[in-house]
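Welcome to my notebook. I kept these entries short while getting to know a new structure, and you are welcome to follow along.

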Amino acid sequence: MSAAAQDQQVNRRAFAILFGVSAATALGNTGMLSVLPAIGRQIGIPDAMVAAIFSLSALLWAISSPFWAKRSDVRGRKPLILLGLGGFCVSMTLCAFVVSAGLHQLMPPMVVFVLFLLARALFGLFGSAANPATQAYLADRTKREERTQAMATLAGAFGLGTVVGPLLAPLFVLPVVGLAGPMFAFAGLAAVMMWIVKRGLDESTPPAAAGEPQPRARLAFPSLRRGDSLWRDPRLAPFLLFGFLVATCQTAQTQTLGFLIIDKLGVAPVKAQGFITLAMAAGAVAGLLAQWGLIRMFSMGPRELMRWGVAVAALGNVVVAFAPDYAAVAIGYAVSSLGYGFARPGFTAGASLSVDAKDQAGAAGAIAAINGLNVVVAPLFVLLYEAVRWAPFVLNALILAAMLAYALRQAVLRKVSDADASDEATIAGLERGDEGGV
């Protein structure tokens, strides 16, 4: 076998492993999210606190991701991928034990909540190391002309995980462990992936030389004057505002969905789990239909994606708000997910296309930050749901309608175009997985 053929075989094996790492993480996160409402109702944790379990982790994710991205340049990609998988495995295992103790009434609900919050926070702090290191490893191994397709396929691993995770979760709701079973299973999957990475993934970028000065991890544009804020940059600020509010609406709807289905069916939380799973899977498939099919079929650019995305998502929220039964809830959620599947790649690509090649890293970091930080707001929507069941979905629809008007009137959002898109912009514009897995 020639050296070129051997290198190609090694690269295929490496890509398969990286795909597995990304899919396993997304699978575990969305699978866990699908069982959280039933866990909270079963243990007796207030709904808003159940939604808040992801909040601290999301905040830590947004803060630590840029740091781990820089550390992968110093320590190498493989050690950071292993660290991220290890953080995921440990966090999921501790969450499983805490939930199991709560289900067996071995500790009060509020103690379960605090321990659950802290156990999940470990993922935001350490699990965030895997995502940037995985993308950097892939960039190291691909040629410029191959990278866009490779990155797009890797991003598809997150989408695949969002479909499979909720479908697998109910299979592990077993005697003794109950609703904690899926978390034990996902922790085991992460451990298997750690072994595969350890044995099968060759390091591609050697660690930096000892004592070599490294830039500090931060979110900043090198082209901006000192003192200027990334978040006030006129090229990017409209996309960050639009993206934060759209991502907030999606996270809030997803985290409220399980509670709505339990209440709509009027059955025990465990019995409602299968219905929650089907609705979440339908939403994930709708999102993939948008990202993998319709966007390419109709050659939709950022302008069209943002406008159509928020319009369709608003319609779906109205359907969910006034749904008479479970079927209408599931349909409305799928429609909303289709809209988010348009809107999120729209503002991500638009942000990338609006800045120069040298500013792509800063733009990607800012988008990653808002994809994590929006999870912090979700408990407020669940609190609103506890007061008036239809209110959070109507509020979502109003916010999305306002974003439609904003996209139609705001100058930067109106003018964004992919006509002059560079390879760097295309790569940076690809949808990334975020902390919440939604």
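**Entry 1: Asp47 and its neighbours**

I began by listing what Asp47 touches, leaving aside residues up to four places away in sequence, and I found Arg41, Phe259, Val382 and Glu386. I should say right away that I am reading a predicted model. Next I looked up where Asp47 sits, and the place is helix H2. Is Asp47 buried or exposed? Its relative accessibility is 7%, and buried means under 20%, so Asp47 counts as buried.

**Entry 2: Ile63, in that helix too**

I stayed with helix H2, which runs over residues 47-75 and also holds Ile63. How does Ile63 fare for accessibility, buried or exposed? I noted a relative accessible area of 57%, and because exposed means over 50%, Ile63 is exposed. I then looked for a surface patch with Ile63 in it. Together with Leu59, Leu373 and Val376, Ile63 makes a nonpolar patch of about 310 Å².

**Entry 3: Ile370 in helix H12**

My next stop was helix H12, residues 360-373, where I found Ile370. Ile370 has 4% relative accessibility, so I wrote it down as buried. Which C-alpha separation did I look up for Ile370 and Gly243? The two C-alpha atoms are separated by 7.3 Å, although the residues are 127 apart along the chain.

**Entry 4: Two cysteines**

I also checked a pair of cysteines for burial. Cys89 is at 15% relative accessibility, which is under the 20% limit, so Cys89 counts as buried. Cys95 is buried as well, with a relative accessible area of 1%. How many disulfides does a search of the whole structure find? My search came back with zero.

**Entry 5: The protein chain as a whole**

Finally I stepped back from single residues. What are the helix and strand counts of the protein chain? I wrote down 16 helices and zero strands. The protein chain has 438 residues, and 54% of them count as buried. I then turned to contacts with a separation of 6 or more: residues 24 or more positions apart account for 85% of these in the protein chain. My last look was at the accessible surface of the protein chain, which comes to about 18,200 Å². Carbon and sulfur atoms hold 66% of that surface.

**Entry 6: To remember**

From helix H2 I keep two residues in mind: Asp47, which is buried, and Ile63, which is exposed. From helix H12 I keep Ile370, with its C-alpha atom 7.3 Å from that of Gly243.

Key
Residues are numbered from 1 along each chain as its sequence is written. This is a predicted model: local features need pLDDT of at least 70, side-chain atom pairs count only at pLDDT 80 or more; totals for chains, interfaces and linings use all residues. Side-chain values use heavy atoms; hydrogens and water are left out. Patches are made of residues with over 30% relative accessible area and no salt bridge: like charges are joined within 9 Å, nonpolar side chains (Val, Leu, Ile, Met, Phe, Trp, Tyr) within 5 Å. Accessible areas come from the Shrake-Rupley method with a 1.4 Å probe; for residues, only the protein chains shown count as cover. A salt bridge is a side-chain nitrogen of Lys or Arg within 4 Å of a carboxyl oxygen of Asp or Glu. Helices (H or I, at least four residues) and strands (E, at least two) are DSSP runs, numbered from the N terminus. Buried means under 20% relative accessible area, exposed over 50%, partly exposed in between (1.4 Å probe, protein chains only). Contact means heavy atoms within 4.5 Å. A disulfide is a pair of cysteine sulfur atoms within 2.5 Å.
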